[in-house]
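Please open the model in your viewer and keep the selection panel at hand, since the tour below moves from one selection to the next.

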Amino acid sequence: IAYCRGTFTTEQDEEQQAREIGQSQLVLIEMLNQLRKEADLADVAQIAKRDPGVLVKVMAMANSPMVGLAQPVVSFDQAIMVLGREQLYRWLSIGMFRAGAASPRDEVLLELALARGRFLEVLGQRKHSKLECDEFFLLGLLSLLDSLLGLPMSVVVARINLLPILTDALLNSSGPLARHLMLSIAVEKGRVQNVARLAEELGYSLEAIESASVEAIGWAEEAVNLTK
């Protein structure tokens, strides 16, 4: 069981060549950065229009069953408005995993990243604000972006405008969010002793962690299927 649960999905293959960040991913990163800077949604839309693939993705996101619209979105500008800043940021982050020539391994990485993010978000709701929970979700999601791209995390983070506490956790495993990320990884890998230690340090019960983990796995699987 330990062999089958190995780290081959989240670690770079010895033969894997480091990828260049593709045009679609660059457009997505620029859109993410503009959203972080509170730019007008109209300006964000103009960036998206540089890449037809991004236009298609955003339209598909807005019409996803997870958004739950009664009537389909028929224009890109409408899609941007319907999604709004918070949902658009999440959907664009997911789109990073599917930009370019996505492989089956990329799909596995996406599901793992979504599960990490959702786990931290659900667990954080017990003690943290909505804004902090959004950062938890983003932390989990971005924690596997280096594996996806085959690039050092420092290169990835340099491209994205992140809060210092997120950068600290992703690059140095330090700062107030680092132990939360360690907890999500320990849960994912079934490291019971580490889970128990981190749960005590962070003030979460094992029951709360188990509940958040089950919810996150189901949510991530559904999100992957609905965003294909």
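How many salt bridges does a search of the whole structure find? In this predicted model, the search of the whole structure finds 13 salt bridges, and the first stops of the tour are taken from among them.

**Stop one: R85 and E38.** Select R85 together with E38, and display the side chains; the two form a salt bridge in which the closest N and O atoms are 3.9 Å apart. This pair links distant parts of the chain, given that R85 belongs to helix α4, which covers residues 76–96, while E38 is found in the loop between α1 (23–36) and α2 (41–48), 47 residues apart from its partner. With a surface displayed, consider the exposure of each partner: R85 is partly exposed, its relative accessible area being 29%, whereas E38 has a relative accessibility of 56% and counts as exposed.

**Stop two: D134 and R90.** Next, select D134 and R90, which form a salt bridge with the closest N and O atoms 3.1 Å apart. Here too the pair links distant parts of the chain, with D134 in helix α6 (residues 130–142) and R90 in helix α4, 44 residues apart. Are these two residues buried or exposed? Both D134 and R90 are buried; for D134 the relative accessibility is 19%, and D134 counts as buried because the cut-off is under 20%.

**Stop three: K130 and D134.** Keep D134 selected and add K130, whose side chain meets that of D134 in a salt bridge at 3.0 Å, N to O. K130 and D134 are 4 residues apart in helix α6, so about one helical turn separates them. K130 is partly exposed, with a relative accessible area of 48%, while D134, as noted at the previous stop, is buried.

**Stop four: the network.** Which residues are linked with D134 in a network of salt bridges? Extend the selection to E86, R90, R118, E121, K130, D134 and E215, which are linked in such a network.

**Stop five: L202.** Finally, clear the selection and go to L202, which lies in helix α11, spanning residues 192–202. L202 counts as buried, at 9% relative accessibility. To see what surrounds L202, show K127, R179, H180 and L183, which L202 touches when residues up to four places away in sequence are not counted. For one of these, H180, a distance label can be added: the C-alpha atoms of L202 and H180 are separated by 7.8 Å, although the two residues are 22 residues apart along the chain.

Notes
Residues numbered from 1 in each chain as written. Predicted model: local features only at pLDDT ≥ 70, side-chain atom pairs only at ≥ 80, totals over all residues. Heavy atoms only, no water. Salt bridge = Lys/Arg side-chain N within 4 Å of Asp/Glu carboxyl O. Helix = DSSP H or I, 4+ residues; strand = E, 2+ residues; numbered from the N terminus. Buried < 20%, exposed > 50% of the residue type's maximum accessible area, 1.4 Å probe, protein only. Contact = heavy atoms within 4.5 Å.
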